[in-house]
Amino acid sequence: MTIIDNAVYVDGKRFANPDSLDQTYEVMDSCHGMAWIGMFRPDADEMRSLASEFSLHELAVEDAIKAHQRPKLERYDDVLFTVLRPARYDDESETVEFGELHVFTGPDFVVTIRHAETPGLGSTRTRLEADPELLALGPEAVLYAIMDQVVDDYQPVILGLENDIDEIEDQLFAGEPHVSLRIYQLSREVIQFQRAIHPLQDILQQLKAGFEKFRANVELERRLRDVEDHVETVTAKADSFRQLLQNALTVDGTLTTNRQNEAAAAENEQVKKISSWAAIIFAPSFVGSIYGMNFDIMPELHWAYGYPFALTLMFLVGLVMYVIFKKKGWI
């Protein structure tokens with residue numbers, strides 16, 4: 001079922017709960033109330049019905065059907081088409097999930113279209129219904145409340161990302177091997193988060209300009225400024241996360257290079273030790289191999305002290321080489 005909640009409000013109070021779009025149109029005509037229709041992935045026929053009744057522009061309808069839109073605010077005569085990108089932090093997978101929310105607001109109607117399971121707008125509707133004076137201000141009040149919820153829902157995302165970055169800092173200096181991949185993954189999430197929140201500043205500026213032009217309620221202007229303050233705070237946090245992750249990537253590269261250099265240095269020391277002992281062992285072997293050729297004519301072959309001389313020579317050559325390598329620090 002694509003219609004999640006459907007109500008007509010009169011003076012800020014729920015007046016009727018139509019079962020279909022056609023009933024909604026009839027009730028609106030009879031009581032001159034405001035309709036708030038909440039939908040989840042509506043089909044083309046439902047969108048054509050809404051477009052015909054509320055004079056929705058075909059380009060906005062096409063965007064609402066296809067989805068995958070960037071956050072934006074577009075005005076078509078007296079109808080506003082707003083696209084928002086809500087976000088939710090999943091503690092289990094430690095990832096950020098992004099949704100897409102389209103809002104049509106006209107003189108006497110609000111149509112909200114979700115393209116993801118979250119966020120639900122039930123809590124926003126409940127909060128507005130508990131404040132009839134605010135809801136009586138019309139579709140602009142509903143748009144404000146929706147934006148306020150979307151921005152407030154960014155706070156748990158900020159906390160989740162902040163915790164992930166703290167964990168990365170610990171992993172960096174612990175030398176965990178897969179920390180680079182985690183930094184890249186988190187950087188991608190932060191970039192997507194920035195793409196969701198940065199356009200909100202322009203959207204709010206456009207809304208403020210429209211409120212001033214059409215002389216919207218002063219209370220709505222104040223509440224909108226509060227949302228703007230929250231957006232600035234979230235934007236600054238996200239930007240700082242991006243910088244922290246770039247620094248973490250630089251530190252990771254430096255630490256990785258240092259570890260590689262240390263490993264190479266340790267390997268070189270091992271090679272030096274092995275080479276030194278090989279040379280020391282080779283020298284006596286070389287002398288012994290000469291005397292082991294058994295030629296008839298050789299120096300000191302029939303000398304009585306030839307054998308002790310050969311052993312002494314082997315020992316002295318090995319000792320000299322040992323002393324040399326020891327002074328060089330190879331042994």
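This briefing covers the sheet, the helices packed on it and the aromatic side chains. The model is predicted. Its seven-stranded sheet is open and has mixed pairing. Four aromatic pairs turn up in a search of the whole structure.

**The sheet**
- The strand order is E2-E1-E3-E9-E8-E5-E4.
- Strand E2 (13-16) and strand E4 (72-76) are the edge strands; each has a single partner strand, so one side of each lacks a neighbour in the sheet.
- On average, neighbouring strands of this sheet are turned by 20° against each other, direction ignored.
- Strands of a sheet pair through backbone hydrogen bonds, in either a parallel or an antiparallel way.
- Strand E3 (residues 34-40) and strand E9 (residues 109-114) run parallel and are joined by six bridges.
- Ala35 stands opposite Phe109 in E9.

**Helices on the sheet**
- Helix H4 (residues 122-129) packs on the sheet and touches strand E1 (3-10), E2 and E3. The direction of H4 makes about 165° with that of E3.
- Helix H6 (residues 139-152) lies across E3, strand E5 (79-84), strand E8 (101-105) and E9. H6 runs at about 165° to E8.

**Aromatic side chains**
- The ring centres of Tyr25 and Phe54 are 5.7 Å apart and the planes stand at 90°, so this pair is edge-to-face.
- Tyr25 belongs to helix H1 (residues 21-31) and Phe54 to helix H2 (residues 44-54), 29 residues apart in the chain.
- Tyr25 is buried, at 8% relative accessibility, and Phe54 is buried as well, at 6%.
- Tyr25, Phe54 and Phe109 form a cluster linked by ring pairs.
- Arg125 lies over the face of Trp36, at 4.1 Å from the ring centre.

Definitions and conventions: Residues are numbered from 1 along each chain as its sequence is written. This is a predicted model: local features need pLDDT of at least 70, side-chain atom pairs count only at pLDDT 80 or more; totals for chains, interfaces and linings use all residues. Side-chain values use heavy atoms; hydrogens and water are left out. Two strands pair if DSSP finds at least two bridges between them. Helices (H or I, at least four residues) and strands (E, at least two) are DSSP runs, numbered from the N terminus. Axes are lines fitted to C-alpha atoms, for helices over the stretch in contact, and angles run from 0 to 180 degrees between N-to-C directions. Contact means heavy atoms within 4.5 Å. Rings of Phe, Tyr and Trp (its six-membered ring) pair if their centres lie within 6.5 Å; planes under 30 degrees apart count as stacked, over 60 as edge-to-face and the rest as tilted. Buried means under 20% relative accessible area, exposed over 50%, partly exposed in between (1.4 Å probe, protein chains only). A charge sits over a ring if NZ of Lys or CZ of Arg is within 6 Å of the ring centre and within 35 degrees of the ring normal.
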